[in-house]
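Grab a pen and work through a couple of short exercises on the structure below. Try each one yourself before you read the solution.

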Amino acid sequence: MSVRRFNNGDADADLVVVGSGVVGALIAEQMAGAQRSVLILEAGPRLDRAQVVENWRNLNFQQRVGSDFQSLYPQSPLATAPLEFPPNGYVLLTGKNGDSFHQGYIRAVGGTTWHWAASCWRHLPVDFQMRAKYGVGRDWPISYSDLEPYYCRAEEAMGVSGPNDPALQSPTERSRPYPNDMIPWAHGDTRVAEIVNPHGYRSVPIPQGRAVRPWKRRPACCGNNNCQPICPIGAMYNAIHTVQAAEAKGATVLAESVVYAIDTDANNRVTAVRWYDRNRQSHRATGRAFVIACNALETPRLLLMAANAQNPSGIANRSDQVGRNLMDHSGFHCTFLASDPLWLGRGPAQSSCLVGSRDGSFRSEYSANKIILNNISRVGPATQQALKRGLTGTALRDEIRRRTIHGVDLSISLEPLPAPQNRLTLSKTRHDALGLPCPDVNYELDDYVHRGYDAAAQQLRHIGSLFNAVEFEVTTSLNANNHMMGSTVMGFDPKDSVVDGDCRAHDHPNLWLPGGGPMPSASVVNSTLTMAALGLKCADSVQRALEHA
Amino acid sequence: MPNKDSVTLLPRRAVLAMVPAAALCFWFRETALAADSVTTPTDAFLLLSKLLTGFPDINPELAIRLREALLNVESTTSQAIARLIGLHASDDSTLMMTARDAGLGEAALAVVGAWYTGTVGSDAHAEVVAYADALMYRTVADGLAPPTYALGGPAWWVSAPPPAGVSPPMAEHAQPGTQSTRGVKPS
């Protein structure tokens, strides 16, 4: 079914999806495949992979070594995304830990999976019951077993490679094998596992959205070691693959289309969304079902700015929870030089992770952690460090080689608990190029995270000793991980939550808000696969609703 | 395709490893002596760069572009580089000692940094001259390609990495932390 387009630029579709990232794209593909007319409105531009690769190679050394994963992506002047080199101040961060919330996300067709590392973790069953089991955080209105079939479908859709040996799985509760077995490890992953596993740290293969054989329309991974910020060959899953599949099934994608208003009827059903095109002309898209999947910052921003007479505090916001409970995995890094040459940087960006502290009774008191062995080449940092020593000639060559092949960077993730004061609001003073309010974020972490940091730091000191670490360092300030969650939180009770277990808004029977926003617990693992699974569960709900309409 | 240097470095490294240290000193002396007969500033910069970087076969075309970028970044560098070229030394450490005595240490290190990182200057004034040809990648080209390139086809990385070829890190390498947590570190 095709979207109806009118002479004035307006449109009508069975399903209108706002946002073309992994969540919106998966829903669009399913519904287009079910013969529904599907319109995707994306605020940002279309991207050309080859151009983005060239942009990355042309960033200066400081930007590349500083992990500037944003500047290489062209932005629409009418849809700003965060930049840090130099900071563009799009998101104003306040609160004790505001500085740990510098999120990098992409507003473009295909969304932020353009620059993810494709880690495809599942939450543990217990992560859905943090309140019931550990007395902290919030419980989900759905269980792991409710979501498990959708995890399988998401893994299939994204072509995930993961360990089919249960001894290497986290979690082990699975109804289907992975579509592809684990990505084979390089020397560094193998050696680190040999050293740490006798001590209970449990290094396991990271399930990841790439394969070492061709998968559907994607080539085999050739270990270009540039998953972040851009896979040069398209072997890594990103949502552009699903957007293209949805288009092949008849979905229409309008890029550079910034949704800013949501119309509702007397029954508080959504009747239309309104958007600005690249010439700042406003248009209206009517439909039967509406999905807003922009990410856990842009979705609440839109819901709040779209407040109307019937919904004066924002769309879907009778609970006053829209924008609250914001979470991200609080991150920090541990770096050292190991006595063994580990040669990290061969293969994809991340292939192994220490999950020994993903769960335990301690979670009633402090945060769990996971410790990723970063496999991004250390040659950049090694060069920076060696140059600072003022070396030249063969001494410099040898020092860079030594620091590159012995260098280790561990990326640690902690689990924050949902808290209403961690909140996105609309700026009263700052506006984007369309005059729409920019986001303000207040962010404060409590002792649950800080105690988790202390426990992890102690483990890291022990791990360092196992490698006879030289220049052992643990960062003390927390960094963002771009895993935004919680801001349209899911729950049973419409009084204290925004959506139900299908990501359907309590306040609007034909509006769904899937993605990271509904997640009531963060776990310590990357959120994308859970977001994708929630998206597919949402797609089934949308499909049922349209069939019964 | 990986850059051409990464393809040719392996045999070159192997050859260099077999060359006795005395012979290397002789080679460097020859380089410095050759500097007496060079006429153009470009040639002189190339010879200076060979001495400072430790790579005898650096790309002359890149030398032209790096020199231009260095001269563009700040006007004082131009003079400093001209004076650097005038210094005579048989190896990089002697050259650095002489350069520091002449107040040219920073300029010499700027030349080294440009070759190794491919970037001249920093922040808003940075100019990117080279990506895959930056010399930092040649130090490990037998085991790591510049990111975005690859050393083989699917799963090439399961093969054993090459021998270290350098001594392991020692405690005296310790220095204050350099890692910034300001940047975005997604995973």
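The exercises below use a predicted model and cover a sheet in one chain and a helix pair in the other.

**Exercise 1.** Work out how the six strands of the open sheet in chain A are ordered, and which strands sit at its edges.

Solution. Start with the order: the open sheet of chain A reads E7-E13-E14-E15-E12-E18, with antiparallel pairing. Next, look for strands that pair on one side only: these are E7 (203-205) and E18 (470-474) of chain A, the edge strands. As for twist, neighbouring strands of this sheet are turned by 25 degrees against each other on average, ignoring direction.

**Exercise 2.** Zoom in on E12 and E15 of chain A: how many bridges join them, and which helix lies across both?

Solution. First, E12 (residues 330-337) and E15 (residues 407-414) of chain A pair in the antiparallel sense over eight bridges. Within that pairing, A:Cys334 stands opposite A:Leu410 of E15(A). Now for the helix: H11 (residues 447-466) of chain A lies across E12, E14 (369-374), E15 and E18, and runs at about 155 degrees to E15(A).

**Exercise 3.** Describe how H3 and H4 of chain B pack.

Solution. Begin with the geometry: H3 (residues 41-53) and H4 (residues 60-73) of chain B pack at about 105 degrees, with their axes 9 Å apart. That angle makes H3(B) roughly perpendicular to H4(B). Then list the contact: H3(B) brings B:Thr42, B:Phe45, B:Leu46 and B:Ser49, while H4(B) brings B:Pro60, B:Ala63, B:Ile64 and B:Arg67. Finally, sort by class: this contact of H3(B) with H4(B) has five nonpolar, two polar and one charged residues.

Note on methods
Residues are numbered from 1 along each chain as its sequence is written. Chains are lettered from A and ligands numbered from 1 in the order in which they are written. This is a predicted model: local features need pLDDT of at least 70, side-chain atom pairs count only at pLDDT 80 or more; totals for chains, interfaces and linings use all residues. Two strands pair if DSSP finds at least two bridges between them. Helices (H or I, at least four residues) and strands (E, at least two) are DSSP runs, numbered from the N terminus. Axes are lines fitted to C-alpha atoms, for helices over the stretch in contact, and angles run from 0 to 180 degrees between N-to-C directions. Two residues are in contact if their C-beta atoms, placed from the backbone, lie within 7 Å. Angles under 35 degrees count as roughly parallel, over 145 as roughly antiparallel, 65 to 115 as roughly perpendicular and the rest as oblique. Ala, Val, Leu, Ile, Met, Phe, Trp, Tyr, Cys and Pro count as nonpolar, Asp, Glu, Lys and Arg as charged, and the others, Gly among them, as polar.
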